[in-house]
Protein chains: 2
Amino acid sequence: MRVAVDALGTDSAPGPEVEGALAALSDAGDRLEIVLIGDEAEIERELSGYAGSVPRSQLSVIHAPDRILPSESPAAAVRRRPDSSIVRGIRLQKEGEVDAFVSAGSTGAVMAASLIFLRPLSGLDRPAIGTLLPTSRGATLMLDAGANVDCKPRHLHQFALLGQIYAQDLMGIETPRIALLNIGEEPEKGDELALESHALLRAEPRLNFIGNVEGRDIIGGRCDVLVCDGFVGNVLLKFYESVAEFIVSLLHEEMDRTGTQLDVHGAFRVLDYAEYGGAPLLGVNGVTIICHGSSTPRAVQNAIGVAVRAVDSQMVHHMAGELQRQGGAGEA
Amino acid sequence: MRVAVDALGTDSAPGPEVEGALAALSDAGDRLEIVLIGDEAEIERELSGYAGSVPRSQLSVIHAPDRILPSESPAAAVRRRPDSSIVRGIRLQKEGEVDAFVSAGSTGAVMAASLIFLRPLSGLDRPAIGTLLPTSRGATLMLDAGANVDCKPRHLHQFALLGQIYAQDLMGIETPRIALLNIGEEPEKGDELALESHALLRAEPRLNFIGNVEGRDIIGGRCDVLVCDGFVGNVLLKFYESVAEFIVSLLHEEMDRTGTQLDVHGAFRVLDYAEYGGAPLLGVNGVTIICHGSSTPRAVQNAIGVAVRAVDSQMVHHMAGELQRQGGAGEA
């Protein structure tokens, strides 16, 4: 299996990408090859720091030093810059040279390139970004985390089908609990989107739909897959990340003030996003994993691990099959 | 000034209401009178525990033992049950017998009664629930926190005007920073509602509109007033409350495991909702403060304090004036 890794993605690229790739190779053994895409000289300089421990037969470098910045208009940048690391990585996958692409670069550009070159799966209106939210009982996959706004009920229905496959193939949950993010537990609560989506999800025999989940229920791990519009999903995700940081900072202040020692990192390990790898773009003809710009080597390593599991489990094939069944059933 | 307090509101009513009312009276001195509305015998039993320290000249009790439950349909319950503590409290305000009403009962019923009996302010489409979110730099007023879904841009525009008055009158901020909750900082980011609301807010000369604020910016206290649709506001608020609880529980586990002592309550005081009092229903002809069903005596006390400041500052009068100016300007 070959995974391409954007080495112009993180804020301090290519350091975290190189270190993460080497760790992932060490995890996976012989069967994994990684292609680093970015500034060849910088990548080689970084690799030289690891000297003898680099398995060169499993690691290649493609020179594509053109970096698309998060501030650029994604679609325009993707169309205009064929030699950017993001476009090269996605096209390698399109051409069958690699099986997956991992990037901590511009989320918009990675998404745009995936849509343009890999294309959405047949029967799907809009691919979604899935993200794993840490909860008190493991992780919940929330989708959409920001790829789509102004969603229609049929989009949320499709997200639920995609999420179910992800939970089965990558989280190992045979019958995942699927829920709709809403402002009340009762089916008649919510905005128009929630009301109609609830009805669609409840009527879907392929889903173990457990109903609505409120903001207060997320952290308790009430569901395995949480479906929502990308606006609220994105607000929630970014808020979650920042509130965890804030609370850790309050704690450090109190420890400094009182001279107490506590293993904050250990206590909050469950909240560590790096442990969960990147966020998959679900619903395209390929495996695209999106990471934070601030990703650590460990986050890159875990994102590559997610890519490997997605390829191994044939996630995309399963999603395509599920969506075709949906088309055949003549869903709204 | 007279404030009515629903003594059938909290989960363990009337204990927290009685204790909170007595504390509020002690805060406010002679100028405050409180009317407790609920089961007279139970209230008197509770009061008897305080013996000599009850200022009976400032405290009266109205017998209205009919409790509207959160599970009931709010509008129907309000119309059918004139002797419920909620309807009695709101009607007392309507009739000028009291200046404000504080309740930890059914949010829906308190809202419905306020809309039916007090009426929305002229020029306002929909009143909003404001809630104070703890941040690293004090509190941010977020509205709407759940009274309205499927909002239109003009609603968010009105929320901003209401929020500005609240921040001026109750938070003491002369020129509050008003922001729109969105999924990107740029004006062209967001869903249809956010895009159009951004344009309306930016064009409003009466507001110090600082632009979009993302989920990750809330906790840093980037704005004083955060405007959003009640769906996302409600999800965010409930999530915030639960994540804080979760993190405290993780911390306790770690302290138990390691035998460390840390003043968690002290470290996280800034996150304590009880410190912020209740959530005002903004935009009705009166002062209605909504509290959590799980409110402590201190939360009730602070909610009464919020009611007192709202009356003192003539918040409702200021809001009515602002909305009339809006009507005159022929806003969309």
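**Exercise 1. In this predicted model, determine which strands of chain B helix H6 lies across, and describe how those strands that pair with S6(B) are joined to it.**

Solution. Begin with the helix: H6 of chain B, residues 153–170, lies across strand S5 (128–135), strand S6 (138–143), strand S7 (178–181), strand S9 (225–227) and strand S10 (279–282) of chain B. Its direction can be stated relative to one of these strands, since H6(B) runs at about 165° to S9(B).

Next, take the pairing of S5(B) with S6(B), which is antiparallel and extends over six bridges. A hairpin connects S5(B) to S6(B) through two residues, and within this pair B:Leu132 has B:Leu141 in S6(B) as its bridge partner.

Then turn to S9(B), which pairs with S6(B) in the parallel sense over three bridges; here B:Met142 has B:Leu226 in S9(B) as its bridge partner.

**Exercise 2. Place these strands in the sheet of chain B, and state which strands form its edges.**

Solution. Read the strand order: the sheet is open, has eleven strands and follows S3-S2-S1-S4-S11-S10-S5-S6-S9-S7-S8 in chain B, with mixed pairing. The edges are strand S3 (59–63) and strand S8 (209–213) of chain B, each of which pairs on one side only. From one strand to the next, the twist averages 25°.

For a detailed example, consider strand S1 (residues 2–6) and strand S2 (residues 33–38) of chain B, which run parallel and are joined by five bridges. In this pair, B:Asp6 stands opposite B:Ile37 in S2(B).

**Exercise 3. Describe the packing of helices H4 and H5 of chain B by angle, distance, handedness and residues in contact.**

Solution. Two packed helices are described by the angle between their axes and the distance between the axes. For helix H4 (residues 85–94) and helix H5 (residues 107–118) of chain B, the angle is about 30° and the axes are 9 Å apart. The crossing of H4(B) and H5(B) is right-handed.

The residues follow: H4(B) contributes B:Ile86, B:Val87, B:Ile90, B:Arg91, B:Gln93 and B:Lys94, which meet B:Ala109, B:Val110, B:Ala113, B:Ser114, B:Phe117 and B:Leu118 in H5(B). Classified by type, this contact has eight nonpolar, two polar and two charged residues.

**Exercise 4. Using the domain assignment of chain A, characterise the contact between its two domains.**

Solution. Domain 1 is assigned to 2–121 + 283–313 and domain 2 to 128–269 of chain A. Taken over C-alpha atoms, the centres of these domains are separated by 26 Å. Seven residues from domain 1 of chain A and six residues from domain 2 of chain A make the contact. On the domain 1 side, helix H10 (residues 297–312) of chain A gives the largest share, three residues, while the classes on that side are four nonpolar, two polar and one charged.

**Exercise 5. Work out how chains A and B are related, and through which parts of chain A they meet.**

Solution. A rotation of 180° with 0.0 Å of shift along its axis superposes chain A on chain B, with an RMSD of 0.0 Å. That is the relation of a two-fold axis. Among the residues of chain A, A:Val232 comes closest to this axis, with its C-alpha at 2.8 Å.

For the interface, 40 residues of chain A are in contact with 41 residues of chain B. Helix H8 (230–258) and helix H9 (264–267) of chain A each supply at least two residues of the side touching chain B, and the largest share, 19 residues, comes from H8(A). By class, this side of chain A has 22 nonpolar, nine polar and nine charged residues. Finally, 100% of the interface residues of chain A are also interface residues in chain B, so the copies meet through the same surface.

How values were computed. Residues are numbered from 1 along each chain as its sequence is written. Chains are lettered from A and ligands numbered from 1 in the order in which they are written. This is a predicted model: local features need pLDDT of at least 70, side-chain atom pairs count only at pLDDT 80 or more; totals for chains, interfaces and linings use all residues. Copies are superposed by least squares on the C-alpha atoms of residues with pLDDT of at least 70 in both. Helices (H or I, at least four residues) and strands (E, at least two) are DSSP runs, numbered from the N terminus. Ala, Val, Leu, Ile, Met, Phe, Trp, Tyr, Cys and Pro count as nonpolar, Asp, Glu, Lys and Arg as charged, and the others, Gly among them, as polar. Domain bounds come from an automatic or database domain assignment. Axes are lines fitted to C-alpha atoms, for helices over the stretch in contact, and angles run from 0 to 180 degrees between N-to-C directions. A crossing is left-handed if the near helix is turned anticlockwise from the far one by less than a right angle, and right-handed if clockwise. Two strands pair if DSSP finds at least two bridges between them.
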